[in-house]
Amino acid sequence: MSARDTQLQLDRFLVCGLGSLGQHCVAALKEFGVSVIVIEQVQPHNWEISDLPNLWEDLILGDCRQNSILERAKIRRCRAALIVTSNEQVNAETALAIRQLNPRTRLVVRSAKENLNQLLSEQLGNFLAFDPIQLPASAFAFAALGSETLCFFKLDGQWLQVLKRQISSSDRWCNVRLLHELGSRQRQVLYHTHYPGSLPRTFHDWEPNELLQAEDTLVYLETAEQLFFSPAQTLPSRQLKRTEWQKNILRFPKRFRGQLSKFWQLSFQQRVRRVALLCGITVSILLLMGTALFELYYPGMTFLAAFTATVILLLGGYGDLFGNLEQIGVIPWWLQLFSLGLSLAGTAFVGVLYALLTEALLSSKFQFIKRRPPIPQQAHVVIIGFGRVGQRIARLLQEFKQALVGITFNPDFEQTNMLDIPLIFGNLKEALAKANLSTAKSVVIVTDDEVLNLEAALMARAINPDSHLVIRTSSQRLSEHLSQLLPKAQVLGTHAVVAEAFATAAFGEKVIALFRFNNQTILVTEYQIESEDTLNGLLLSEVAYGYGVVPILYQKPPNSSILMPLGDIRLAAGDRLVVLATIDGLQRIERGTIDTSAKHWRVRVERALSSEAIFEGANAIARITGCSLGEARELMNHLPRTLPIMLYKHQAQRLIRELNRLLVKASLISGGDR
């Protein structure tokens, strides 16, 4: 995070593995303007990023676990190593080897082994591991919500949410609230525009004194009392407007259908026992009926003989009992017909019992597919591709109480330990028809096959052009083409998103959460301020407007943390700061390239209405601008005066509002005016 390392020799960054993720990590690191060295076993033939060979300082072919290869990669000069091969064993061994050679190198490892990651972090230190599946899954889940919520994350026990809100004429804020009035300890404005579908790409690009109007688009961060959505939010409004008498009429049949469905579901889950029980009961009834009839018709026949005759018939022995033509003539026709029925029924039911018993003996792990909930009829999310990414997305969406249906094309799909959601198998066309795609709220396409994702995306858009379409890609070129072909869809390049998190972590920062918005990745990043940091000594307002980030939490240990801190806090070594930032903002912080071009506004202080206003006004000027208290008092004692310090516009407008509240008249002027 520092502009210059305290150890000048730590001026290189190492990337181990040049797969798709590794290539994007190289590109992300290069955007920070650092020197990158790459290790790969075999020279790749195809590049996902066309000019990638021009982005690194050196490419070393060999095994990244070998000390000799690491020495050639100048590991002793590497500030961080991004170990992102597809083999987790190789990644772990490489991390151990690097730590032996350089105890100061920061290790950022690709790994899904949570327990192992924790153990390695404790033993190696300066170690961070990411699961490339888990990181982008949250971005897919939030994109699939198709609602106002863009992201959810937790800071120090408090849930926060990023919301996008379209202001309507009936909105309680419309034509009533100025933008700066929305800011508080619970809320922070991020973006605002008067033009639907066109948002600025940078934070703070909005006018604090503007009045919110109908058709405005507002994006803001605020605290959330609970994580979960109400199930009612996914239901059509007409279903929520039933009258009481309609509900009373429907209550009994619904209760009856519910009990019946519960009974059927339980019996279906125990299909073997149910079939065996039904067959056993039927055979027992037939056995009792046959025994009783034979004993009644032949008074001299014992119970045991009648029972045996019935058993013989049930086992298909009709010919054994009635093979003699002379005997057939003396037996009533109805008893012969009943005996024939016993043989036929016995053959069928006893055969089923034999089949079930044989199956149980041949397979000790005989399983039946679990009956799943019915497929939703409308306002649901369809997840196409139910691998690790799809399952992770489903778990997240279940936390938001979203109606789901999954589609998988894997014939060997594991049925155990699965989420309790509807699941469809089959080819794409049939599966989409079964999934009620035409009434779905969102479609998330996350298979491992890029061509299949493209086909599914085009079919989904044709069937339901109003749904929220979210597409997973790994190729940068395909992402660009799809974004042009389907401009309303959200195309997320998985490795590109993850690489930004890896690159950020390489500089020693902690990535808490990330989400995609306005075609860029927004990262929730935590900083621990050190004496050599580019943030040390700055006011939060200078951090926000100079680097283009949004401070959302500040803490000076051991004091408790502050959410939505004011801009007049000055950072010092040991402080903790959490910001919302794009990758561009993080790059500027790393380089220390604070933007002073927008710092060209002055505040003209006209007069103070009382001696108390002079005293408090000086305090406010010193606190908000960062000037000395002596300079502020000197200015307030010789009014009217123009503050000599250049300020950012938001910073200057906040100072004017604070001075006016203290009965000090002030106005905003451009930097060139006097």
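I281, I285 and M289 together make a nonpolar surface patch of about 260 Å². The structure is a predicted model. Apart from this patch, the briefing covers the second largest pocket, with a volume of about 1000 Å³, and the setting of R177, which lies in a loop between two strands, β8 and β9.

**Nonpolar surface patch**
- I281, one of the residues that make the patch, is located in helix α7, which spans residues 271-297.
- The relative accessible area of I281 is 43%, so this residue is partly exposed.

**Second largest pocket**
- The volume of the second largest pocket is about 1000 Å³.
- Its lining comprises 32 residues, of which Q134, L135, R392, V511 and I512 are the closest to the pocket centre.
- At least two lining residues come from each of the helices α4 (114-124), α5 (134-145) and α12 (388-399).
- The strands β6 (127-130), β7 (149-155) and β17 (510-517) likewise each supply at least two residues of the lining.
- Classified by residue type, the lining holds 19 nonpolar, seven charged and six polar residues.

**R177 and its contact in space**
- R177 is placed in the loop that runs between β8 (158-166) and β9 (187-193).
- The relative accessibility of R177 is 24%, and R177 therefore counts as partly exposed.
- Although 35 residues separate R177 from L212 in sequence, their C-alpha atoms are 6.1 Å apart in space.

Methods
Residues are numbered from 1 along each chain as its sequence is written. This is a predicted model: local features need pLDDT of at least 70, side-chain atom pairs count only at pLDDT 80 or more; totals for chains, interfaces and linings use all residues. Side-chain values use heavy atoms; hydrogens and water are left out. Patches are made of residues with over 30% relative accessible area and no salt bridge: like charges are joined within 9 Å, nonpolar side chains (Val, Leu, Ile, Met, Phe, Trp, Tyr) within 5 Å. Accessible areas come from the Shrake-Rupley method with a 1.4 Å probe; for residues, only the protein chains shown count as cover. A salt bridge is a side-chain nitrogen of Lys or Arg within 4 Å of a carboxyl oxygen of Asp or Glu. Helices (H or I, at least four residues) and strands (E, at least two) are DSSP runs, numbered from the N terminus. Buried means under 20% relative accessible area, exposed over 50%, partly exposed in between (1.4 Å probe, protein chains only). On a 1 Å grid over the protein atoms alone, a cavity is a set of points where a 1.4 Å probe fits but cannot get out, and a pocket is an open set with protein on both sides within 12 Å along at least five of seven lines; lining residues have an atom within 4 Å of a point. Grid points are joined across faces, edges and corners, and a volume is the space filled by probe spheres set on the points. Ala, Val, Leu, Ile, Met, Phe, Trp, Tyr, Cys and Pro count as nonpolar, Asp, Glu, Lys and Arg as charged, and the others, Gly among them, as polar.
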